[in-house]
Amino acid sequence: MTASPQARLDAVVPATLDKAAHENFPVAPFFLPRAWRDDLMAVYGFARLVDDIGDGDLAPGGADARHLGLDPESADDRLAMLDALEADLRRVFASTGDGPGHPLLRVLRPTVRRRALGPEPFLGLIEANRQDQKVRRYGTYDELAAYCELSANPVGRLVLQITGTATPERVRRSDAVCTALQIVEHLQDVAEDLGRDRIYLPADDMARFHVRESDLAAPSGGAAVRSLVAYEAERARELLDEGAPLVGSVHGRLRLLLAGFVGGGRAALTAIAAAGFDVLPGPPKPTGPGLLREVGVVLRRARREG
């Protein structure tokens, strides 16, 4: 009997997949069809590997570097690792050759073929992490949105492709939701990102609210920082509202999944507001009841609009 993609993933990369339980939003919840869950986990494994390379969070020992054909001592060279990962990704889509070397990409290959996925979303995720190594500040909101086009929007597009529901209008709505969720995550992680010498608050907005980088290093946010966070949070909320009709355009268990994404973003924004927009002591997190309440609101609205 052939093992499922999930079983093969569990066998070769448990440390990577264990991180799925700690994500802000469910990766492949139990209520989805098994085939969808397997393919979503295969995509998650790739996305998690890209982020771990970009953040320097790989498991010790250099195994990932070896799988990608590099010397284990190169595991700390993030750009070299991302280049090797891109080369291995291209083997996923090649019609000849032995296929990819990394176990996560070997599991991804059947998903790519079964769902007729193209390389563009995966390449976007790699490029976003390359950008993280080179770009530490964003001058304008448009620059940040262009980054989100690489770092977040491909994930939503892959979900639509895997579930066979991608249309131009749904992709547009999905992009709005994914960009919103990325902005929300940036707001939650201002202090953590600053510790990595990254600021995802646009510089022109910081100037508008008279916020200096040193203000972001304080134990708690002053009035200017809180006003800036409130401004960016409202931007994210408007994007979620723009993307919310996506939920009503689909049916069944996929509707529940997408409602979880939109409702999760709304619940996170509610938590940020409840903290007085002070995100510097630590990331404000939504409560369980708060999350369920927001998901319920999204589902009720979807039923009315659907």
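What percentage of the 306 residues of the protein count as buried? The answer is 51%. Keep in mind as you look around that this is a predicted model. It's built with 17 helices and 0 strands, so helices are what you'll be following, numbered from the N terminus.

**Overall shape**

- Picture a box of roughly 60 × 50 × 30 Å, taken along the principal axes: that's what the C-alpha atoms of the protein fill.
- The radius of gyration is 20 Å, and this agrees with the value near 19 Å that a compact globule of 306 residues would have.
- Take the contacts between residues at least 6 apart in sequence: 68% of them join residues at least 24 apart.

**Surface and charge**

- About 13900 Å² of the protein is exposed, and carbon and sulfur atoms supply 54% of that area.
- Counting charged side chains gives 38 positive and 43 negative ones.
- The centres of those two sets lie 8 Å apart.

**A look at Glu 143**

- You'll find Glu 143 in helix 8, which covers residues 141-151.
- Is Glu 143 buried or partly exposed? With a relative accessible area of 39%, Glu 143 is partly exposed, because that value falls between the 20% cut-off for buried and the 50% cut-off for exposed.
- Now find Tyr 200, which sits 57 residues away from Glu 143 along the chain. In space, the C-alpha atoms of these two residues are separated by 9.9 Å.

**Aromatic rings**

- The structure holds 7 aromatic pairs.
- One of them joins Phe 209 and Tyr 231, with 5.3 Å centre to centre and 50 degrees between the planes, which makes it a tilted pair.
- Where do the two partners sit? Phe 209 is in the loop between helix 12 (203-208) and helix 13 (213-216), while Tyr 231 belongs to helix 14 (residues 223-243). The pair therefore ties together parts that are 22 residues apart in sequence.
- Phe 209 has 19% relative accessibility and counts as buried, because the cut-off is under 20%.
- Its partner Tyr 231 comes in at 24%, so Tyr 231 is partly exposed.
- Elsewhere on the aromatic list, Phe 46, Phe 93 and Phe 122 form one aromatic cluster.

Note on methods:
Residues are numbered from 1 along each chain as its sequence is written. This is a predicted model: local features need pLDDT of at least 70, side-chain atom pairs count only at pLDDT 80 or more; totals for chains, interfaces and linings use all residues. Side-chain values use heavy atoms; hydrogens and water are left out. Helices (H or I, at least four residues) and strands (E, at least two) are DSSP runs, numbered from the N terminus. The radius of gyration is taken over C-alpha atoms; the globule rule is 2.2 Å times the number of residues to the power 0.38. Buried means under 20% relative accessible area, exposed over 50%, partly exposed in between (1.4 Å probe, protein chains only). Contact means heavy atoms within 4.5 Å. Accessible areas come from the Shrake-Rupley method with a 1.4 Å probe; for residues, only the protein chains shown count as cover. Lys and Arg count as positive and Asp and Glu as negative; His and the chain ends are not counted. The place of a charge is taken as NZ of Lys, CZ of Arg, CG of Asp or CD of Glu. Rings of Phe, Tyr and Trp (its six-membered ring) pair if their centres lie within 6.5 Å; planes under 30 degrees apart count as stacked, over 60 as edge-to-face and the rest as tilted.
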